[in-house]
Structure formats: structure tokens, C-alpha cells
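User: I would like to go through a structure with you, beginning with its surface and then turning to charged pairs. Could we start once it is on screen?
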Amino acid sequence: MAKAFKLPDLGEGIESGDVARVLVSEGDQISVDQPILELETDKALIEVPSSLAGKIVSINVKEGDSVPVGAVLIAVEETGAVAAAALAEPEAAAGPSPEPEKAPPPEAPAPPSLPEKPEAPLPAAPSVRRFARELGIDLHQIAGTGAGGRITREDVKAYVQKTMLDGPEADAPVTASSLPDFTRWGEVDRQPLRAVRRKIAENLSIAWTRAPHVTQFDRADVTDLEAFRQRHRAEAEARGGKLTPTALILKAVITALKAFPRFNASFDPAAGELILKRYYHIGIAVDTERGLLVPVIRDVDRKDIFELAVELAELAERARRGKTDLEELQGGTFTVTNLGSISGTAFTPIINFPEVGILGISRTRQEPVVRDGRVEPRLIMPICVSYDHRVIDGADGARFTKHLVESLENPGRMLLGG
């Protein structure tokens, strides 16, 4: 009898994904732990291994399908291998072309708790609870629209939208569309967003509505910094890295974060507390074909510029190839986005919520600068820092930016810890 292999729980709150590539065909013999498809989740491309061994009887998904956790992916005639209990439910049997399973029925209401027992948990998945905690939302304030009153991710987003908007639009559901029928005026094409782009849109919307943004602009004379970089490029390459301006910028960021710890924090509005982090994990925005990814470099304060150069190159390459794992995309305390290799004189980066600050770098240009009464050509780097105005005042924003500029303009002192 054929057995069904379902999409397992991938952890980290992942509830579904898009099939990027099917790696097997009907009739193939597969072994335990053999990858059967590539799944594109919010920000990672994951290979899904089979927990069954045998002959594939049917494949129930195709490229482009969006599949939830628990959906049947393939049916296999086993050859004695035992399915791993953590990946597939043992009682699931495959029928001909089974349909993806529906969400489980709502849990039966818990009996009234006795005074000495804790309150019964709200009907919400662990991933939804985690999502609400990140946003500082009390789930008791939200009415669930799922089966049996279950609170969904969409319910949380709708609640955030409603609490942040004023006027009559506050009661409109988040999913409501006010777009006109564009086909009235001509031909259009509709392109479905990939999972990464949908997640980017969701995160940026939440960040923009939850955190009142302020952006501080300044300019740094990086002539000496560039000379330092050129002197040490060969050494970095000998160690397997590439000494880019970003590696040096990371060091300047660390000096500023240590001087102004409120930028290395998150705000907990439910508790009315600022969570100051004693570690420095910096997210680096990477432009990829799948969308903007933000892998995180851990403990930047403990690494020298050559270690950072190597790790930056490796991390960016894995991100572009879709090989970053979920852990590498989480846990950042501050983000850097560098558009200097493209163009532009300034922009307003959006905070990578729930962080409270982000540094943007624009294109460095040679400009005439007056120094000691003389006009000299100097390399000028425009920088911009966006921050959460709920916890950071404009004066501190200006001081933080000034500190960054001073570090970038004095690379020797910066790298010596000055």
C-alpha cells in the first residue's frame, strides 16, 4: 500500500511555501532523506527531504504551487523503510491524486479552569503567537475569524492596520482592494508575487505602520577611508575575502551603537519597555533575483575587518543563490543597506522591524571641498539613518549620525577603538 509524505513542520513559524522545483518524477526510486523538492518560504529556499523510501506512485504538487504544512506532496510504495515520525504522520495513507489536506478542525473548547489552574490558551497557532509578540500585540484584544474563532496571522495584521489608521478607513479589512478595473483603459498583465516578495511587502507595511520613522541625513568625507581600503585590499583577498566599503562601515556602525545603545534595541509597547541588546548582530541588505534579503552577521564587534570581509562575501553569495538558512536571516539588532554601487544621492530606508534603526549608504562621489582655505577634490559618501521616533529623539538621531561620520572620516582611530 502506498504511503503519503506530507510537507513537514519546518519550524520557525513557517506555515506554507511555494514549490520552486520538483526534484523527482513518478516511478523514481527514492531513499530516506533524499531531497524531493525545493520550497521557497518567506525568505529561504529549502530542500525538503523524504522520510520514506520506495517507489514514487504519484506527485501531487507542481512548480508554482503554494502548499501548506501538512499537504500531501508525494505517495510512495515503501520498501521497508520506516517513515520518520517527526516528518510524516504515520496514519496518513495516499490515495490517487489526493488533495492538499484542509486545516485541522478547531480544538474543542476547554472546560472552565479551576481557580488554581492557569487560564486556557487562546486558539492560535504558535507561529501566530510569535508574530503577535514581535509586534507587541495582546491576542486577547483580537477576535479570531478562523474556524471556531481561531486567531490567524491575517487577524493580527488586520488589528494592527485598524489601530494605526484613523477615520472611516480604520474599519476596512486589510484584504479589501480599492483598485479600479485597469482593463477598462487597456491591456494588462498580472504577475503573482513570489513568497519572498509577499513577505517583504508584509514586513515593510508592518514596519511603516508600527514605527513612526524619522530619517537623518549627513555626508562623510571618506577620502582617507578609501585610501586605507586600497592599502589593505590585497591582504583581504589573500585571506579569501574582498575588502569592500561595507566591511569598514560595519566597524563604524559598531562604534556608534556602543556610544548610543538605544539604536541597538527593540521597543516592547505592551510592557512599555525598551529592550537593550548587549550583542551586535548586523543585518546586511542583499539585492537578489528573488527580492531583498537581509542575512545577519553575528558578533560584528568581535571580528576584525578581514574576518568581516570574508563573511560578507560568503553570506552575500549564499543569499544570491538562495542558500541562506532561516537562522541566518533572523536575530539582527541593526541593519545596513548600501546602494552605493548602483546610484543615488539619498534615500529613506525603512526600519527592519522590530529593530529601531537602519543605515543607508548612497553613491560615493568626488566633490570639490574647501579645506584650510583651499578647494580640494574629496570623496564624499552620503549617509542616511532612519530610526523609530517612539524611542529615539531627533537630537540623538543627529548625534548618532555625527558619530558615524566622525568614525568614517578617521579610520585609524575607529579601528583602534577610539
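User: How much area does the chain expose, and what share do carbon and sulfur atoms supply?
Analyst: In this predicted model, the chain exposes about 22600 Å². Carbon and sulfur atoms supply 51% of that area.
User: And what percentage of the residues is buried?
Analyst: Of the 418 residues in the chain, 41% are buried.
User: Changing topic: how many salt bridges are there in the whole structure?
Analyst: The search finds 16. One of them joins the side chains of R21 and E38, at 3.2 Å from N to O. R21 belongs to strand β2 (residues 16–22) and E38 to strand β4 (residues 35–40), so this pair ties together parts 17 residues apart in sequence.
User: Is E38 buried or exposed?
Analyst: E38 counts as buried, at 9% relative accessibility. R21 is partly exposed, with a relative accessible area of 43%.
User: Which residue forms a salt bridge with E367?
Analyst: That partner is R219, and the closest N and O atoms are 2.9 Å apart. The pair links distant parts of the chain, 148 residues apart: E367 is in strand β18 (residues 365–371) and R219 in strand β9 (residues 213–221).
User: What about D224 and R378?
Analyst: Their side chains meet in a salt bridge at 4.0 Å, N to O. D224 lies in helix α4 (residues 223–238) and R378 in strand β19 (residues 374–388), 154 residues apart.
User: Which residues make up the network with that pair?
Analyst: Salt bridges with shared partners join D221, D224, R371, E376 and R378 into one network.

Note on methods:
Residues are numbered from 1 along each chain as its sequence is written. This is a predicted model: local features need pLDDT of at least 70, side-chain atom pairs count only at pLDDT 80 or more; totals for chains, interfaces and linings use all residues. Side-chain values use heavy atoms; hydrogens and water are left out. Buried means under 20% relative accessible area, exposed over 50%, partly exposed in between (1.4 Å probe, protein chains only). Accessible areas come from the Shrake-Rupley method with a 1.4 Å probe; for residues, only the protein chains shown count as cover. Helices (H or I, at least four residues) and strands (E, at least two) are DSSP runs, numbered from the N terminus.
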